[in-house]
Amino acid sequence: MGAVSEGQRAGRTPGDPVGRAVLSPALTAMMDAVGAHSGAVYLLPGEEPVLEMAVMAGLPRSFAAPWERVGLGAPVPVARAVRERRLVWVGGEEEMARSYPRIAVVLPYPFALAALPLATGSKVYGAVFVTWPGSHPPELSDRERHELQTGCERLALRLERAAAENRPVRAEADPPAAGRDKTADTLGTVEAARLVARLPYGLCSLDPTGRVGFANQAAADLLGVPVDGLLGAPLWASVPWLADPMYEERYRAALISRHVTSFVALRPPSDWLSFRLYPSATGTTVRVVRARAVSVTAPPAAVRGEDTPPPLVSMSQALSLAGALTETVSVQDVVRLVAEEIAPTVGSGALALLGARAGRLHVLGHHGYRDPHVVERFDGMPLASPTPGTHAVTHGVPAFFGSRSRLEHFYPARQFTADGFAAWAYLPLIASGRPVGVCVLAYAEPHDFSTHERAVLTSLAGLIAQALDRALLYDAKHRLAHGLQAALLPHSLPSLPGIEASARYLPASHGMEIGGDFYDLVPSWPLPAAVIGDVQGHNVTAAGLMGQLRTAVRAYTTVGQEPAEVMRSTNRLMIDLGTDLFASCLYLRLDPARGRAVMARAGHPPPLLRRPDGRVRVLDLAGGPLLGIDPEATYPTTEIELSPGCVLVLYTDGLIESPGVDIEEAVAGLGRRLGEAGDLPLEELADELTGHDAAAEERIDDVALLLLRATGRDGD
């Protein structure tokens with residue numbers, strides 16, 4: 001369905017009567033039903049995996065500025081509600097800090113939150129969140145849960161009907177603040193005004209958006225601004241010396257938590273004032289009095305002039321972006337975050353991230369360009385080339401071009417390919433004093449970059465550079481780890497008479513992603529052998545020891561040692577190497593002509609045997625201790641069946657271990673999958689048995705799998 005139309009906030013739905021809102025009434029009805037004090041509706045714009053805020057109620061929209069546009073993969077409750085298609089509940093400040101630290105950094109206040117998907121049986125249209133003050137119980141009641149789920153189901157059905165009738169629901173104007181208090185009607189407007197005017201301290205009334213709706217003369221005198229100058233604007237906008245993020249943060253704390261808060265502020269040159277905020281559903285009352293003398297340990301923040309524009313990025317947005325950048329791991333993570341969160345925040349329509357290495361530019365990623373060639377032609381460009389990007393990298397100075405004519409004025413000899421944009425910012429990415437690349441932001445319309453905006457963009461470039469520098473190092477280690485792992489494991493499995501084989505290896509998703517899992521198939525004479533093992537650890541040491549063990553097993557097999565002796569020799573080798581690590585291992589001497597195999601085991605998970613009739617047996621047979629523990633250890637052997645059609649499954653513990661799952665249940669589950677899929681071609685069977693692990697975003701351990709099928713033939 002079409003959802004949010006860019007730049008539209010009119011609240012008009014095509015095909016509906018003029019001015020008929022869909023989202024706002026549904027949101028406010030849900031909030032009223034459960035006593036929530038704020039909420040928002042997000043819509044999915046077409047096929048793009050991004051949630052866009054369409055309407056917000058109860059709090060100023062600026063409070064949610066970092067989350068006006070949320071990627072479906074973002075670690076925030078509304079995105080999780082859509083991903084998992086369920087209600088997500090955050091019961092308080094501690095749970096928010098534990099589960100969603102990026103939100104807790106920006107909004108470190110006591111409040112509860114519920115997020116739900118807007119979904120029908122066949123499609124997700126968006127999401128809703130509502131919040132309560134910190135006084136809400138830590139659990140959502142059954143009544144509240146029912147009201148929210150019912151409200152979201154009704155709204156999802158309306159969105160479904162609108163889509164079927166080709167009436168896309170668009171973003172709407174945020175609903176007005178709650179109705180005014182009836183106290184004035186009871187006392188009489190004139191008498192209430194006289195009462196407030198006689199008070200010896202200042203009083204201001206702020207609506208839920210923070211704008212001053214009333215101020216008495218005492219407040220005007222204390223603040224140094226006429227009453228008319230206060231009305232209709234937030235205090236920190238009309239009172240220059242209150243234009244400090246700290247004071248706005250105290251207001252945000254009061255409004256979100258619904259707790260009384262206070263702060264003191266210096267009215268230049270030397271008058272200290274005390275502000276006390278009393279929040280409610282209809283707004284906030286502010287009491288202003290003179291404060292006792294306050295010792296000053298640092299000069300007050302610079303006062304913003306009356307003509308200074310509002311900040312490009314708020315304090316909450318800056319904290320959110322900085323927190324998000326610290327969570328990026330790979331270069332593509334950085335590109336994705338800059339595209340989804342930073343570029344939209346600063347009004348950019350497209351971006352390109354280019355790295356600088358070996359005297360050349362290298363395209364790391366881009367977003368928003370209709371023609372990828374516009375960016376990709378810079379890949380491999382020498383840094384000596386006269387372009388804005390290379391100049392930013394080599395000189396470390398940002399460049400801002402508000403129009404194409406200005407760009408061509410500074411680079412007249414350069415023929416620029418039309419990219420569909422009209423203004424550009426070239427931001428050098430400097431980390432630890434050295435250039436790592438350049439970030440190019442493109443704007444759809446000519447753009448006047450103010451001094452403030454240039455400073456903000458340059459600061460953001462510093463954050464991006466630090467994240468990119470870490471990501472480049474991670475990617476380099478990632479490539480090194482995979483290269484080392486590939487070198488230590490067999491490049492291919494040999495062809496053996498009467499045996500068909502297939503193998504898989506999946507690295508862990510943490511650390512260097514290199515581990516000690518190994519497998520091998522040894523075409524020795526007179527009988528071949530198969531081995532699988534797991535060296536403790538996920539690092540270069542474990543990988544190196546794994547390579548030594550695999551080589552030793554091949555050598556002991558080649559010289560004709562029996563399975564038990566191969567294991568004893570390998571155990572003594574590990575102890576002689578003086579390592580603190582240990583390893584599990586499973587060794588098989590294969591005799592397909594007789595339909596038998598001899599197994600020796602050193603603390604390794606038991607293999608599975610699938611017979612031709614589909615029955616699966618767990619071969620939990622006798623074995624010895626882990627390798628590298630006891631120099632006198634012995635390893636008994638057992639002969640097992642390997643008749644034509646039998647399938648042996650050898651695996652490491654990464655295939656069956658996962659948090660909260662019993663090992664025996666996991667092995668039984670693996671056996672069931674083997675029983676059901678065992679007749680598949682061996683390559684397909686390997687994919688089936690590792691499919692869940694291959695698709696998992698988080699693997700705490702690496703996985704090795706070796707499948708052996710007896711064919712009863714002399715060759716494959």
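Two strands count as paired if DSSP finds at least two bridges between them. With that in hand, here's a quick tour of this predicted model. We'll start with a set of paired strands, where Tyr42 stands opposite Met53 in strand 2, then move on to a helix, a threonine and some salt bridges.

**Strands 1, 2 and 3**

- Strand 1 (residues 38-43) runs antiparallel to strand 2, and five bridges hold the pairing.
- On the other pairing, strand 2 meets strand 3 (residues 69-71), again in the antiparallel sense, over three bridges.
- Leu51 has its bridge partner in strand 3, namely Val70.
- The hairpin of strand 1 and strand 2 has six residues between the strands, and Gly46 there takes a positive phi near 65°.
- How much of strand 2 (residues 50-57) is buried? Eight of its eight residues are, so the strand counts as mostly covered.

**Helix 5**

- Helix 5 covers residues 142-164, which makes 23 residues.
- From first C-alpha to last, helix 5 reaches 33 Å, close to the 33 Å expected at 1.5 Å a residue.
- The buried residues in helix 5 are Glu144, Leu148, Gly151, Cys152, Leu155, Ala156, Leu159 and Ala162.
- What covers them? The list includes helix 1 (23-34), strand 1, strand 5 (111-119) and strand 6 (124-133).
- Strand 1 therefore turns up twice in this briefing: it pairs with strand 2, and it is among the elements covering the buried residues of helix 5.
- After the helix comes Asn166, with a positive phi near 55°.

**Thr261**

- Thr261 sits in strand 9 (residues 261-267).
- Is Thr261 buried or exposed? It counts as buried because its relative accessibility is 8%, and the cut-off for buried is under 20%.
- A polar atom of the Thr261 side chain lies 3.4 Å from the backbone oxygen of Arg250.
- Setting aside neighbours within four places in sequence, Thr261 touches Arg250, Ala253, Ala254, Phe275, Arg276 and Leu277.

**Salt bridges**

- Side chains of opposite charge can pair when their charged atoms come close.
- The count for this model comes to 24 salt bridges, and three of them are worth a look here.
- Arg80 and Glu84 make one of these, at 3.2 Å from N to O.
- Both Arg80 and Glu84 lie in helix 2 (residues 77-84), four residues apart, or about one turn of the helix.
- Arg80 is partly exposed at 27% relative accessible area, and Glu84 is partly exposed too, at 39%.
- Arg709 and Glu500 form another, with their closest N and O atoms 4.0 Å apart.
- That pair links distant parts of the chain: Arg709 is in strand 26 (residues 703-710) and Glu500 is in strand 17 (residues 499-506), 209 residues apart.
- Arg709 counts as buried because its relative accessibility is 13%, while Glu500 counts as partly exposed at 27%.
- Asp591 pairs with Arg594, and the closest N and O atoms are 3.2 Å apart.
- Which residues belong to the network around Asp591? Salt bridges that share partners join Asp591, Arg594, Arg596 and Glu639.
- Within that network, Asp591 is buried at 13% relative accessibility, whereas Arg594 is exposed, with a relative accessible area of 53%.

Definitions and conventions:
Residues are numbered from 1 along each chain as its sequence is written. This is a predicted model: local features need pLDDT of at least 70, side-chain atom pairs count only at pLDDT 80 or more; totals for chains, interfaces and linings use all residues. Side-chain values use heavy atoms; hydrogens and water are left out. A salt bridge is a side-chain nitrogen of Lys or Arg within 4 Å of a carboxyl oxygen of Asp or Glu. Helices (H or I, at least four residues) and strands (E, at least two) are DSSP runs, numbered from the N terminus. Buried means under 20% relative accessible area, exposed over 50%, partly exposed in between (1.4 Å probe, protein chains only). The expected span of a helix is 1.5 Å times one less than its number of residues. Contact means heavy atoms within 4.5 Å. A polar contact is a pair of N or O atoms within 3.5 Å; within protein, one must be able to donate a hydrogen and the other to accept it, and residues adjacent in sequence count only if both atoms are side-chain atoms.
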